[in-house]
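Colleague: I'm new to reading protein models, so could you walk me through this one? Let's put it on the screen and start chatting.

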Amino acid sequence: MAEIENSSEQKNFKFKELRVYSSTEWLADNKKKYRQVYDRFETTYIYAELSFYNKLFDKEVWEVDIKLKCFSIKRNNKELCRLQFKRKVSKYDNIVYVREGWGNKKEGTFWKKGTYYWEAYVNDEKVATKYFYVEDGGEEDEYGNRRYIGLKSLRLYEGQYDDVGQDDRNYYRVFSAADTQYIYAETTLANLNADESWQCELFTKFYNEARELKGQVIRLQTIKKGQEEIQITAGWGSNVKGSWRPGNYTAEVVFLDQLLAVIPFEVGEEYEEGVPPIQLPNGYSSHFMYEDENFNQSFEEVMEELNALVGLKEIKKQVKEHAQYIKFLQLRREKGFEEKEEMNVHSVFIGNPGTGKTTVASMMGKLYKKMGLLTKGHVHEVDRVDLVGEYIGQTAPKVKEAIEKARGGVLFIDEAYALARANDDTKDFGREVIEILVKEMSNGPGDLVVIAAGYPKEMKYFLDSNPGLKSRFKLYYKFDDYLPQELSEIANYACKEKEVLLTPEAKLRVDEMIVEAYRNRDRSFGNARYVFDIIEKAKVNLGLRIMMSDNPGQFSKKELGTVSLADVLLIDMDETRDIPNIPVDEKLLEDSLAELDSLIGMSNVKSQIRELVELVRYYQLSGKSVLNKFYFHTVFVGNPGTGKTTVARILTKIYKSLGILERGHMVETDRQGLVAGFVGQTALKTAEKIDEAMGGVLFIDEAYALTSHPSASGDFGNEVIQTILKRMEDMRGKFFIFAAGYPENMETFLKVNPGLSSRFDKILKFEDYAPGELTRIAEKMIEDEGLKITNKAMDHLSKYFNFLFEYRDKYFGNARIVRNTVQEAIKNQHLRLANLLKEKQRAVSNLITYDDVRNFKMDKEGFVFNKKKIGFRRPSKS
């Protein structure tokens, strides 16, 4: 063995690698943070790591001579250091690592800008040379990093091993697992150190969902003096398709040991084009970057853009004053004032649709960025659907994701009031959203502005829904509806955007439409959206007119862009349609009237309905439009059990037979079916129910419940009424409303809103059934059950109904009491027959006898509403 060891022809080692690092931090698998480029102001010692394989592994210990030299090329290859020593090699080490460095413990002292290299010798044999570079990035930025580069974009594309040309790249956010070979990260950087040449070393690391390193690519590129942009591509994968398994991944870009950007991507079934949001870490938090960002405007240019908007005089003034005040506070800080309170710029935008809220929000983001309050200034717009989860545990992640996407810019919450349900609803996840927002605005990482937008009344309720919410919003901006002259100016702007020109006559008609819409506006008035819709429809009509001509190609460029009066006159903003002419269904009408006549009592109601039928038939025979003369919306007034719902169903069939209803169905609902638990959604829920009833009847039972709490801030019944009134007017003749309830309550219901009583042109009053009618109803119910009743039993029931009628109150149940009584009698009969069966006695099974009804006593003490009162019992007189 000794001879072999000392042989000059046989080596005891095999060279593996020579690497360079500066950080003494240990990584997994006995590794270091290897690099070739260093910042002089961050560098103390730079180390060389020599590694070689031990050929005498597991055999014996031996000794090796090591020599490490460091040279500076800038100083004519001057030798900076020579480190020479002997090292014992253990027989248990398969790979031997030798690590030594040179420098000074004080950063920026020893190493200067330049090119250097290490030479490694083993037993006087030179085995490797490794170059490294020290750069000088100049001043530090706000996060303590040297200013070398700025990220402009980071995109992903697919290709083969030898990359893809710039013009042939397709950028994806989702890659196909079956077809993907290599996934490339294209990093585009702005060179902030363009005054001199330098070396740029970029690490691109690909991680799977479990944070396992799938691959790493290191690119070292010489950046020339004056070069403004740097583009570096790095890909990982295989020439064999399918090496990327389905799942979620990230590509991370590292520069000078600092994480520069993280871009998430997915490997799935099909390719999906696009660029995912890029996470940009900084010294304190992280925010997101989007490909379409363009914030190169100066502060003055952004203000000019704001001032150029039509109208919004008060908003412009308020924004300008707010910006000046922020500058004032910043000036005070520069002069030494503490200004202990943080600048709170979270805002509430109040106004109707189309009043410029989103546009102003985007400008606020730009302004705050220029003033140093935000790092990006972009706007991330969300609403309730984007924030609230369907199940427990889904809401918080959605909200946090939205917040992080908005980090560095503005989180714009449209219709924010939809997050606040009624105070008694503790199950809604909208509360969780509000709580997370309050926490974020109170003590979150910052670099975020929250703007909540919505209608005035609803936004007040939203702000009152959480004690901490109102205090976090310091700024309130009220966006008034645009004036007609401002809307006219917006129409001119819309024409420029759509590249059309209105003739003077067409412009005059557009202005008339704007004034008419303004006069008839409600809080859903679209403002600028309404105007843009007019111009869009006018352009469509222009296109149809041109294309319907014999030779569309003959028109000049000017003619193809000119909207005439005829094009505007064809615009129908109401989108009304003709009501179908449906003939009378005589058979259905006869059957429906017969069914009405078969009902017991209610002679006055039958008479009114027959008069209505005759009136409709007269109008139809004379060619008059009955739907333009009458609304047919009907109020059904009466105590419980007087037949309101039954008659409503029959009347619906009568309307269908007369041809004044297309479908002739009836949708039954009540307050619970119309009112939602949170602000803003009640109108949607009501509209859905009306759409369901379209072509038929919407029957609202106990309609007075919609106005039972008119002053309660958490009651949304008035929103139902407003929605119904608008649809009754806008869709006249397309559906009918039947509203039913108790007499006193329905009178209050009709008086709550002046528009209600004028829309309901028919009131059917259902009187309480007389005792004789109650008896006849009982006889019919017994007959319908296939039973008979003895005369003695019927006489007893008749007396019992007389007794109930005499002592009735406003809650008297009428036919409902009869039904309950009959059902109780049938139950008694069944029990009697069961006992007779046990005693093996025979009895008539379809006959109700006196024994079955004798328990119905004429005794007031037996009334269920005679409840015991709370108090002290008065002692009886002896």
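Colleague: Let's begin with charges: which residues are linked with Lys-16 and Glu-17 in a network of salt bridges?

Modeller: A salt bridge here is a side-chain nitrogen of Lys or Arg within 4 Å of a carboxyl oxygen of Asp or Glu. Linked in such a network with Lys-16 and Glu-17 is Arg-19.

Colleague: Before we go on, what kind of model is this?

Modeller: Residues are numbered from 1 along each chain as its sequence is written, and side-chain values use heavy atoms, leaving out hydrogens and water. Local features need pLDDT of at least 70 and side-chain atom pairs count only at pLDDT 80 or more, while totals for chains, interfaces and linings use all residues, as this is a predicted model.

Colleague: How many salt bridges does a search of the whole structure find? And how far apart in sequence are the parts that Arg-169 and Glu-186 tie together?

Modeller: The whole structure gives 39 salt bridges. In the one between Arg-169 and Glu-186, the closest N and O atoms are 2.6 Å apart. Strands are DSSP runs of E with at least two residues, helices are runs of H or I with at least four, and both are numbered from the N terminus. Arg-169 sits in the loop between strand 9 (149–159) and strand 10 (172–176), and Glu-186 in strand 11 (residues 182–191), so the pair ties together parts separated in sequence by 17 residues.

Colleague: Are Arg-169 and Glu-186 buried or exposed?

Modeller: Buried means under 20% relative accessible area, exposed over 50%, and partly exposed in between, using a 1.4 Å probe and protein chains only. By that yardstick, Arg-169 and Glu-186 are both buried.

Colleague: What about Glu-272 and Arg-173: how far apart in sequence are the parts they tie together?

Modeller: Their closest N and O atoms are 3.9 Å apart, in a salt bridge. Glu-272 counts as partly exposed because its relative accessibility is 40%, and Arg-173 does too, at 29%. Since Glu-272 lies in strand 17 (residues 272–273) and Arg-173 in strand 10, the pair joins parts whose separation in sequence is 99 residues.

Colleague: Which helix holds both Glu-512 and Arg-509?

Modeller: Their side chains meet in a salt bridge, 3.3 Å from N to O. The two are three residues apart, about one turn of the helix, and that helix is helix 11 (residues 504–519).

Colleague: Now strand 22: which residue in strand 23 is the bridge partner of Leu-411?

Modeller: Two strands pair if DSSP finds at least two bridges between them. Strand 22 (residues 410–413) has both faces covered, with Val-410 and Phe-412 buried on one side and Leu-411 and Ile-413 on the other. Four bridges join strand 22 to strand 23 (residues 449–454), and the two run parallel. There, Leu-411 is partnered by Val-450.

Colleague: Last one: which helix gives the largest share of the largest nonpolar core?

Modeller: A nonpolar core is a set of buried Ala, Val, Leu, Ile, Met, Phe, Trp, Tyr and Cys residues joined through side-chain atoms within 4.5 Å. The largest has 57 residues, and those with the most contacts inside include Phe-632, Phe-636 and Phe-738. Its largest share, eight residues, comes from helix 25 (residues 791–806).
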